[in-house]
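Dear colleague,

I am passing on the structure we spoke about, and below it you will find my notes on what turned up when I went through it. Please read them with the model open beside you.

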Amino acid sequence: MAKRGKTPSLIGSGAGASKFVTAKGKRTCRRCGEAIEEGERCVEVAVPGSLGHRTYCLGCYGDILGETAKQLQKLRGELQSRR
Ligand SMILES: [Zn+2]
């Protein structure tokens, strides 16, 4: 098998890259609009095509992960049905 190098990830860089951070100031969750207080844990998700990111509270990030898992499962299903 040809050498393919490091396996890329759909969420490893660029779109969907996520980083758990501690809020350095007051922030607002991009999805639910709730305030994220300074010192609270939240997640920064990279915005494709920019150097920016969106901040989500942990609750919303859980929902986002769930939705992502659903989509991954669908992709996996498509992959399997095409073999
Ligand atoms: Zn939220």
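Let me begin with one residue of the helix, lysine 70, which has its place in helix 1. Lysine 70 counts as exposed because it has 10 C-beta neighbours inside 10 Å, and its C-alpha atom is 26 Å in space from that of threonine 28, with the two positions 42 residues apart in sequence. Please keep in mind throughout that this is a predicted model.

Helix 1 as a whole gives a similar impression. Of its 24 residues the number buried is 1, so the helix lies largely in the open. Its length is in order as well: at 1.5 Å a residue the 24 residues should span 34 Å, and the end C-alpha atoms of helix 1 are 34 Å apart, which agrees. The helix, residues 58-81, lies across strand 4 and strand 5, and it runs at about 45 degrees to strand 4.

The overall layout

The chain has 1 helix and 5 strands, and reading along the sequence gives the pattern β-β-β-β-β-α. Its C-alpha trace spans about 50 × 25 × 20 Å along the principal axes. The radius of gyration is 16 Å, whereas a compact globule of 83 residues would have one near 12 Å. Of the 83 residues, 7% count as buried, and among the contacts with a separation of 6 or more, 34% come from residues 24 or more positions apart.

The sheet

Three of the strands form an open sheet in the order 1-4-5, with antiparallel pairing. Strand 1 (18-22) and strand 5 stand at the edges with a single partner strand each, so one side of each is left without a neighbour in the sheet. From one strand to the next, the twist averages 30 degrees.

Strand 1 and strand 4 run antiparallel and are joined by 5 bridges, and within this pairing serine 18 stands opposite valine 45 of strand 4. On the other side, strand 4 (residues 41-46) pairs with strand 5 (residues 53-56), again in the antiparallel sense, over 4 bridges. Here valine 45 stands opposite arginine 54, glutamate 44 opposite threonine 55, and valine 43 has tyrosine 56 as its bridge partner in strand 5. The hairpin of strand 4 and strand 5 has 6 residues between the strands, and in it glycine 49 takes a positive phi near 75 degrees.

The core and cysteine 42

Which residues make up the largest nonpolar core? It consists of 6 residues in all, namely Ile36, Cys42, Val43, Tyr56, Cys57 and Tyr61. As general background, nonpolar side chains in soluble globular proteins tend to be buried together.

Cysteine 42, which is found in strand 4, may be a useful residue to look at in the viewer. With 21 C-beta neighbours inside 10 Å, cysteine 42 counts as buried, since the cut-off for a buried residue is 20 or more. Leaving aside residues up to four places away in sequence, cysteine 42 touches Val21, Ala23, Arg27, Ile36, Thr55, Tyr56, Cys57 and Leu58. Of these contacts, Ile36, Tyr56 and Cys57 are also listed in the largest nonpolar core. By contrast, the C-alpha atoms of cysteine 42 and arginine 4 are 35 Å apart in space, the two residues being 38 apart in sequence.

A loop residue

Is glycine 33 buried or exposed? Glycine 33 has its place in the loop between strand 2 (27-28) and strand 3 (35-36), and it is exposed, with 9 other C-beta atoms within 10 Å. Even so, the C-alpha atom of glycine 33 is 9.1 Å in space from that of cysteine 57, although the two residues are 24 apart in sequence. Cysteine 57 is itself one of the residues of the largest nonpolar core.

With best wishes

Conventions. Residues are numbered from 1 along each chain as its sequence is written. This is a predicted model: local features need pLDDT of at least 70, side-chain atom pairs count only at pLDDT 80 or more; totals for chains, interfaces and linings use all residues. Two strands pair if DSSP finds at least two bridges between them. Helices (H or I, at least four residues) and strands (E, at least two) are DSSP runs, numbered from the N terminus. A nonpolar core is a set of buried Ala, Val, Leu, Ile, Met, Phe, Trp, Tyr and Cys residues joined through C-beta atoms within 7 Å. A residue is buried if 20 or more other C-beta atoms lie within 10 Å of its own, exposed if 12 or fewer, and partly exposed in between; C-beta atoms are placed from the backbone. Two residues are in contact if their C-beta atoms, placed from the backbone, lie within 7 Å. Axes are lines fitted to C-alpha atoms, for helices over the stretch in contact, and angles run from 0 to 180 degrees between N-to-C directions. The radius of gyration is taken over C-alpha atoms; the globule rule is 2.2 Å times the number of residues to the power 0.38. The expected span of a helix is 1.5 Å times one less than its number of residues.
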